[in-house]
Each structure stands twice: as C-alpha cells, then as structure tokens.
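Biologist: Could we go through this one together? I would like to hear the reasoning behind the labels.

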Amino acid sequence: MSDIHITFPDGSVKKYETGITGQDVLHDLNGRIKKEAVAVKVDDKLFDLHRALPSGKIEFLTFDSREGKDVFWHSSAHIMAHAVKNVFPKAKLAFGPPVEEGFYYDIDAGQSIGTDDLAKIEEEMQVIVNANRPFERDELSVDEAIAIFKEKNEDFKVEQIERLGEPPAIYREGDFIDLCRGPHLPSTGYVKHFKLLTIAGAYWLGDEKNPMLQRLYGISFPKKSQLDEFVNRLEEAKKRDHRRLGRELDLFSIQDDIGPGLVLWHPQGAFIRHKIEEFWRERHLKTGYEFVNSPHIARKSLWNTSGHLEFFSENMYSSMEVDEQEYLVKPMNCPFHLLIYKSRTRSYRDLPYRWAELGTVYRYERSGVLHGLMRVRGFTQDDAHIFCRPDQLDDEVVKLIDFSTGMLKAFGFDNIDVYLSTRPEKYVGSLPNWERATEALKNGLEEMGVPYAVDPGEGVFYGPKVDIKIRDSIGRSWQCSTIQVDFNEPERFDISYIGADGEKHQPIMIHRALLGSLERFFGVLIEHYAGAFPLWLAPVQVSVIPITDGQHEYAKAVHAQLIEADIRAELDDRNEKVGYKIREAETRKIPYMLIIGQKEVDLKTVSLRKRHEGDLGSSNLTELIALIQDQVNAKSSS
RNA sequence: GCCACCAUAGCUCAGUAGGUAGAGCGACUGAUUUGUAAUCAGUUGGUCGCGGGUUCGACUCCUGCUGGUGGCUCCA
C-alpha cells in the first residue's frame with residue numbers, strides 16, 4: 001500500500017499512512033482549528049473528519065466559511081429530522097438541505113405539524129445533541145439502500161435513490177438513518193445552539209402539481225453569542241419592516257375596501273415619492289431622455305399584436321367592454337411606446353430614441369405572493385424604452401448600466417448584485433437574435449467592469465435581461481433595476497427606420513426600469529433607512545420646539561426664516577413639555593430639532609438637536625440654514 | 001393558487017369549564033408654562049373581520065367566505 005501525501009496550505013507536504021483521517025491530521029496540528037474544524041477538503045472534495053483521506057491539498061473547514069456553515073446546517077437538518085421522527089414516528093422525510101441562513105427539512109408528517117409542535121421537536125433535538133452521537137457514513141448498493149428505506153416507509157427516499165440510480169451514501173446517527181451525500185459533523189454534540197423558526201408549505205420537488213409537504217426551518221450555531229445575534233437581527237429586521245413603518249410614519253396603506261395589492265400613498269409617503277420622481281426626471285433629462293405618457297387601457301387587439309395575450313395573459317386583469325369593443329388594463333407600457341415610434345417615419349440619424357414614462361401598470365398576482373409594497377398588483381414603473389440601431393446597442397447597454405448603478409447610488413445603495421438572465425423555455429424570437437442580445441448585455445457588463453452572475457433560463461419571454469438587486473442595510477436583497485433587450489416586439493409591431501442606404505431597417509428595443517417600481521423601491525428605501533429618511537427626502541426636515549409660550553414669538557420667526565429658505569420646517573408650539581415634543585420628533589424621525597428656550601431668545605441662537613444623536617449645543621441660525629441647504633443639495637445620505 | 005398560522009377600540013395586546021368585553025398608547029377636554037426620548041386628571045372609543053350553523057345563550061365550538069403573516073410556485 002502506498003502512502004498518503006498531504007499538502008498543507010503553507011505548501012509543506014507530509015507523509016501519512018493509508019487510511020489516515022482528517023481527525024488524525026488534526027491531531028498533529030495546534031490552535032483553534034483543532035476544536036473548530038467541522039469537515040475537511042482535499043483537492044476540492046469534501047470529507048467527513050473520520051473518513052480516510054486521499055493524497056492532495058488539504059483544507060479544514062470551520063463554521064466561518066460558507067462550506068463549513070453548509071456542513072454544520074446540513075447536520076442540524078438531520079438532527080431536526082431525527083427529532084421529528086421521534087415526535088411523529090410516521091413522518092416521511094423528503095429533502096433537508098442547508099440554505100443561505102440555516103436549514104430546512106421537507107416532511108410529510110402524516111398529520112399537520114403546528115407551531116406548538118416546534119417546542120416539542122426542539123426538546124427532542126436537545127436530547128439528540130446531548131447524546132453527542134457520531135454521524136457514521138456508509139456506502140450501499142442501490143438495492144440495499146432501497147430495501148432499508150422501504151422498510152422504514154421512506155417513500156421519498158426510495159424515489160430519490162431510484163432517480164439517482166447510483167450507489168448512494170447514507171449516514172447513521174444512533175438509530176436514525178438518512179440518505180445523504182455528506183459530509184457531516186463528527187457528532188451531534190457540535191450543534192450546541194439552535195432554534196426552529198417557522199413552518200411553511202413546499203411542494204415535493206418544487207412542482208406545484210406534486211403533493212405539498214411541510215417545511216420546517218431552523219437555524220443553529222456553534223456559539224451562543226451567534227444565535228443571540230441572529231435573533232437580534234431578526235428583531236431589528238422586524239423594526240425596519242416597511243409595513244410597520246408605513247403605518248407608524250403614516251406613509252401609505254393598503255385597504256380591504258380597495259383590494260389587495262393596491263396602494264394608497266398618504267401625504268408624507270406621497271411627498272417622498274414626489275421627491276424621488278423629481279430627482280428621477282432631472283437625471284433623465286440630463287442623460288438624454290424624453291418623456292412620454294400613455295393611457296391605462298387599450299384594445300384587446302393591441303395586446304394580441306404585442307404578444308402579451310399569448311405570453312402574459314395569466315398576469316393580466318380580465319377585459320372590460322366598451323362600445324362592444326374589448327379593452328384590457330395595461331400590464332406593461334411597451335406597446336404604447338412602440339406605437340409612438342410607429343406614428344411617423346424614423347431616420348437612422350434620429351436614433352437612438354430614449355423615451356421614459358412613470359407608467360402605472362396592473363398585473364394579476366396570485367394572492368399568496370402579495371407582500372406590502374414589495375409585491376403589489378398596481379404599481380408605477382420608472383419605465384423607458386430605447387430604440388436604437390444594431391450598431392448602437394452595445395453603447396446603449398453600457399450607458400444603461402452606468403445610469404442605473406449611479407441612480408441607485410444616489411439613494412444610498414452601494415451594494416448591488418448583478419444577474420444576467422438568459423433564454424427561458426417559453427420564448428419568442430429567433431435563436432441568433434437571442435444570442436446577439438445576450439452578448440450585448442454581457443459585453444456591457446464586462447466593459448463597465450461590473451461583476452455579475454448568470455441566471456440561466458430566467459429571461460423574459462421576449463429577451464434576455466440584466467437585473468440589479470440591491471441590498472438593504474441588513475443585507476437582504478431586492479430586485480429593482482432591470483434592463484431587457486427585445487428583438488421581438490419591433491418585429492411584431494413591424495417598426496422600422498430609414499437607413500443611410502435609403503432602405504428600411506428594424507431597430508432594436510431595450511426595455512428598462514431603474515428603480516423598478518416606485519412601490520417596491522419605496523418599500524426598500526423605507527427598510528434601508530429604517531424610516532429615517534435622508535434630509536433631502538424627509539417630508540419634515542426640521543421641528544422648531546419652543547419650551548414655553550414665552551418663546552413662541554421668536555420661534556415663529558425662526559420657523560418663518562426656515563420656510564423662507566425652502567426648508568421643510570414645522571413649529572411645535574403645543575402646550576407640552578420639551579421632552580414630550582422631542583420624543584415625538586424622534587419617533588417621527590425628523591432629522592433636526594431646534595429647541596428654543598429663553599437663553600436662545602436672549603442670545604438670538606437656536607439649540608440644535610439631531611435625530612439619533614441628541615443635543616449638539618447652540619448654533620447660529622443663518623449658518624445652520626446654509627448647512628442644511630448644503631446637505632440637501634449634496635443629497636447626503638444621513 | 002397551495003400548506004401552516006392569524007383576525008378583539010385608530011395602534012399594541014389581554015379576555016378557554018360558552019353567560020353579549022378590558023388595559024396601555026392615541027384622540028378629545030381641562031389643569032399645568034415646562035431645558036433635550038412620555039406632566040397630571042377626566043372623556044371618548046368596539047354589531048369581537050363577514051355570513052351560516054350548534055346552543056336557552058357564541059368573541060369563545062363547527063363551517064363557508066374575505067383579508068393578512070411565513071413559505072412554495074411566480075415576479076418590478
């Protein structure tokens with residue numbers, strides 16, 4: 001038997017006997033790694049710590065790495081499944097993988113598992129963890145494995161083994177056996193701190209036609225502090241929930257009498273929206289766009305021409321009849337912009353056209369998917385369509401990527417994730433066109449040096465797209481910007497321009513939205529800032545707070561001066577104590593408070609207080625006004 | 001749409017052997033003239049989401065619907 005040669009990260013090579021395990025190698029090492037290693041990687045292949053290793057480059061995984069977390073959470077899922085089997089012996093297990101944060105297991109318990117059962121399952125898990133039993137790996141033949149799982153009535157596992165068709169690995173932990181590729185933690189005792197989170201429905205193999213299983217979500221950590229931090233973060237996210245802040249700050253509401261997914265913008269919310277729109281218009285004019293407007297409904301025939309009835313009808317509101325003609329509410333703005341293009345002959349000299357519209361569209365969304373402002377049925381897209389010559393496509397894509405990232409940055413979103421979505425199964429248009437369009441997007445991204453990931457098959461039916469997802473301040477990501485190349489609709493509407501050669505040519509169309517929809521963007525913005533909008537967006541920027549009515553006259557003058565300087569100021573001359581008024585201004589997240597007592601009247605100053613920061617001492621009003629104006633103009637994000 | 005859960009005053013919530021509801025905050029009124037996150041007192045406020053059923057009697061039990069929450073599937 002030959003020896004095993006292990007290459008360490010520092011480049012040194014050590015010789016071991018055949019059969020050496022990760023655990024054995026660890027034995028010779030020092031430091032934290034000895035305790036914290038959860039699995040081991042040799043030449044990019046993962047192994048349990050107690051499995052015999054081949055020769056190669058070794059790397060020990062800990063919870064700190066992505067792969068380490070996956071191992072940790074995967075084992076946690078096994079423990080949870082084991083616990084579920086103890087509580088519900090008839091339960092059938094489906095899949096139980098780690099996810100980005102935590103793990104889940106899909107289970108058919110034979111009866112419904114309710115939230116009350118989670119505590120019982122957690123107790124069982126604790127018993128399993130305390131027992132600190134090893135996870136043992138075994139490799140079986142297909143027939144052996146099927147026999148084992150058949151005997152345990154694990155139908156889903158049997159189905160899975162049959163689908164795999166190759167000899168599967170299984171893991172044992174006490175009397176619990178699960179089909180699994182691994183690797184796993186050395187023993188159950190590693191999962192020291194855990195919590196079950198929610199129960200949700202999920203289809204077997206993710207297909208709606210299959211039976212629905214119950215998915216149990218959980219999280220676990222090696223250290224208690226990590227679990228505490230996780231729980232804190234959930235609470236923090238709850239506090240930032242735009243639905244809660246929307247009510248507390250009186251920004252918007254969604255009411256039964258109107259219908260699900262239809263938004264009322266209250267004065268303060270509408271104010272912010274107008275500020276966003278104002279900024280949006282300025283930027284578009286500077287970037288070479290023109291504005292257009294279009295109606296909310298159109299004849300059915302238009303939607304036939306555009307292909308929406310064929311490809312998008314399940315998302316459209318049903319038709320209404322007017323003068324014996326059928327009309328449909330628009331789910332998109334593009335057909336209208338195409339008809340504007342078509343309204344006269346276009347020359348190659350005039351291209352590209354960049355036409356933008358804050359167009360309100362309506363889409364039927366299944367009731368279960370609606371979510372506050374993030375997913376609604378009526379929304380306003382910051383839409384635009386660019387009509388260009390084929391030779392202009394690459395350049396336009398580059399400009400768009402620059403434009404959208406710049407726009408998002410202005411609102412404080414620096415962290416973005418970019419995805420290139422390619423041709424879906426259901427599509428229109430020719431393959432070469434799809435390839436060209438995809439190529440153009442790819443080139444644009446690469447030229448701008450934007451890192452991106454490919455989302456295969458996630459494009460729209462009429463073309464590939466680039467999506468930009470923004471991360472809010474607690475790391476959740478939301479899709480806003482989308483840039484979609486469309487070779488299809490120009491063809492359907494038969495639009496053209498006269499080229500230099502005097503012949504007709506077909507322009508290329510790009511659909512794009514930068515903020516996505518104002519509703520979703522506002523929702524993201526609320527959560528991003530936790531309701532404390534930057535000065536330039538804040539509906540009320542300053543609250544002037546006199547301490548007693550002895551200062552009302554001076555406070556009024558201060559207030560008037562602020563208004564004169566175009567600062568959105570409020571005078572709080574109610575008969576309340578300062579503490580009360582300050583508390584209320586803080587809760588309303590007003591950026592600045594000017595406290596005015598007798599001292600300020602005498603010295604002709606104001607006492608400045610900033611939200612979240614507290615008392616900043618006395619200040620000269622003229623200087624303060626200049627400072628505020630500067631901040632507003634700079635659109636600084638604090 | 002599907003699975004689980006939820007729906008009591010404007011908001012947050014209490015109210016299980018089934019006997020027609022309660023707190024805090026808010027709002028309103030008054031007193032208080034107050035120095036950096038809640039002054040005090042009083043008043044107001046609910047066909048207990050909607051419809052059916054069981055019962056002498058339903059906020060409470062059953063059932064249908066509507067809406068919401070967390071997921072699945074789908075998406076800006």
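Biologist: Of the atoms of RNA strand B within 4 Å of the protein, what percentage belong to sugar or phosphate?

Modeller: In this predicted model, sugar or phosphate accounts for 48% of those atoms, and bases for the rest.

Biologist: What makes the approach of E600 to a base of RNA strand B a polar contact?

Modeller: An N or O atom in the E600 side chain is 2.7 Å from a base nitrogen of the strand. The cut-off for such a pair is within 3.5 Å, so 2.7 Å qualifies as a polar contact. S517 also qualifies, with an N or O atom of its side chain 3.1 Å from a base nitrogen.

Biologist: R375 is listed among the closest residues to RNA strand B. Why is its pairing with E365 called a salt bridge?

Modeller: Their closest N and O atoms are 2.8 Å apart, and the rule asks for within 4 Å between a side-chain nitrogen of Arg and a carboxyl oxygen of Glu, so the pair counts. Both residues lie in the loop between β20 and β21, so the bridge ties together parts 10 residues apart in sequence.

Biologist: Why is E365 called buried?

Modeller: Its relative accessibility is 10%; buried means under 20%, so E365 is buried. R375, at 31%, is partly exposed.

Biologist: And how do you know that E139 is exposed?

Modeller: E139 has 51% relative accessibility, and exposed means over 50%, so the label applies. Its salt-bridge partner is R51, which is partly exposed at 21%.

Definitions and conventions:
Residues are numbered from 1 along each chain as its sequence is written. Chains are lettered from A and ligands numbered from 1 in the order in which they are written. This is a predicted model: local features need pLDDT of at least 70, side-chain atom pairs count only at pLDDT 80 or more; totals for chains, interfaces and linings use all residues. Side-chain values use heavy atoms; hydrogens and water are left out. A residue is near a molecule or strand if one of its heavy atoms lies within 4 Å of it. A polar contact is a pair of N or O atoms within 3.5 Å; within protein, one must be able to donate a hydrogen and the other to accept it, and residues adjacent in sequence count only if both atoms are side-chain atoms. Buried means under 20% relative accessible area, exposed over 50%, partly exposed in between (1.4 Å probe, protein chains only). Helices (H or I, at least four residues) and strands (E, at least two) are DSSP runs, numbered from the N terminus.
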